[in-house]
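Biologist: I should like to learn how the features of a model of this kind are to be read. Might we take them one at a time?

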Amino acid sequence: MGVLFDLDGTLVDTAPDLVAALNLALNDAGFASVLLDEVRHAASHGSMALVRAAKPSIPDQQASLLQQSLLSHYAEVNGRHCQLFEGIAPLLDALGRAHIPYGIVTNKAACFARPLIERIGLASSCRALISGDSVTRGKPDAAPMLLAASQLNRAARHIVYLGDAKRDMEAARAAHMTAALASWGYISAGDDIHSWPVDVTLAHPLSLLTQLGL
């Protein structure tokens, strides 16, 4: 048995860092800051999704410039304001006691993902970290999931993958893992989660322990 997590919106509440970087980019461009709750739902979908959530009507070229500025600022604030979601720390402790390895599969670039897990204290216990640039095809493709499974030394069919986006569930299903929807994540009111390929919906991180029979 093994467990894999999406990073943003599932394992770590990174929205405060991402929106802080977004606001610095907006301010540099002469725009007003946005509130965290206004764009929080976009935090799982990448930097351009955050830019478009804040400024949906600006031209593509201006959006691209804002995205690059956001990423530059994010390198500075990464890990400064974020925290593990409530219940994640005791869940990871329980997995450790049960000798169940865990890892992370994220579309976030390694230059951001690796420093982040180091700053929140997970680098020593996390057995696999697959970033968006670890493979040629990211989620929803199965490739990053299968690479993580090999690093955990577990068969994919014996792994539960937790995520908060449709692509997470599609990637888990493509890799023949159990697709577990983290309902505490960055799910927007417009997301039709009932159409996603979900095997189990978890209301709280510790609900996973029941799913695993612990």
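**Reading contacts, packing and burial**

Modeller: Let us begin with a single residue: leaving aside residues up to four places away in sequence, His81 touches Pro16, Asp17 and Ala20. Please bear in mind that this is a predicted model.

Biologist: Where does His81 lie?

Modeller: His81 belongs to the loop between α4 and β3 (83-84). The C-alpha atoms of His81 and Ala15 are 8.6 Å apart in space, although the two residues are 66 apart in sequence.

Biologist: Is His81 buried or exposed?

Modeller: Neither term applies, because its relative accessibility is 42% and the partly exposed class lies between 20% and 50%. His81 therefore counts as partly exposed.

Biologist: How does one describe a pair of packed helices?

Modeller: Two values serve for packed helices: the angle between the axes and the distance between the axes. In this model, helix α1 (residues 15-28) packs against helix α4 (residues 60-77) at about 130°, and their axes are 8 Å apart. That angle makes α1 oblique to α4. The crossing in which α1 passes α4 is right-handed.

Biologist: Which residues of α1 and α4 meet?

Modeller: From α1 come Asp17, Leu18, Ala21, Leu22, Leu24, Ala25, Leu26 and Asp28; they meet Leu66, Ser69, Leu70, His73, Tyr74 and Val77 of α4. Sorted by class, this contact comprises 10 nonpolar, two polar and two charged residues. Asp17 of α1 appears in this contact and is also touched by His81.

Biologist: Which residues of helix α8 are buried?

Modeller: In α8 (residues 166-174), the buried residues are Arg167, Asp168, Met169, Ala171 and Ala172. They pack against α7 (143-152), β6 (159-163) and β7 (178-182). After α8 comes His176, which has a positive phi near 65°.

Biologist: How many helices and strands does the protein chain have?

Modeller: The protein chain has nine helices and eight strands. Its radius of gyration is 17 Å, close to the 17 Å that the globule rule gives for 214 residues, so the chain is as compact as a globular protein of that length. The C-alpha trace spans about 55 × 35 × 30 Å along its principal axes.

Biologist: What share of the residues in the chain is buried?

Modeller: Buried residues account for 49% of the 214 residues. As for contacts with a separation of 6 or more, 64% are between residues 24 or more positions apart.

Methods. Residues numbered from 1 in each chain as written. Predicted model: local features only at pLDDT ≥ 70, side-chain atom pairs only at ≥ 80, totals over all residues. Heavy atoms only, no water. Axes fitted to C-alpha atoms, helices over the stretch in contact; angles between N-to-C directions. Helix = DSSP H or I, 4+ residues; strand = E, 2+ residues; numbered from the N terminus. Parallel < 35°, antiparallel > 145°, perpendicular 65-115°, else oblique. Left-handed = near helix turned anticlockwise from the far one by under 90°. Contact = heavy atoms within 4.5 Å. Nonpolar A, V, L, I, M, F, W, Y, C, P; charged D, E, K, R; others polar. Rg over C-alpha atoms; globule rule 2.2 N^0.38 Å. Buried < 20%, exposed > 50% of the residue type's maximum accessible area, 1.4 Å probe, protein only.
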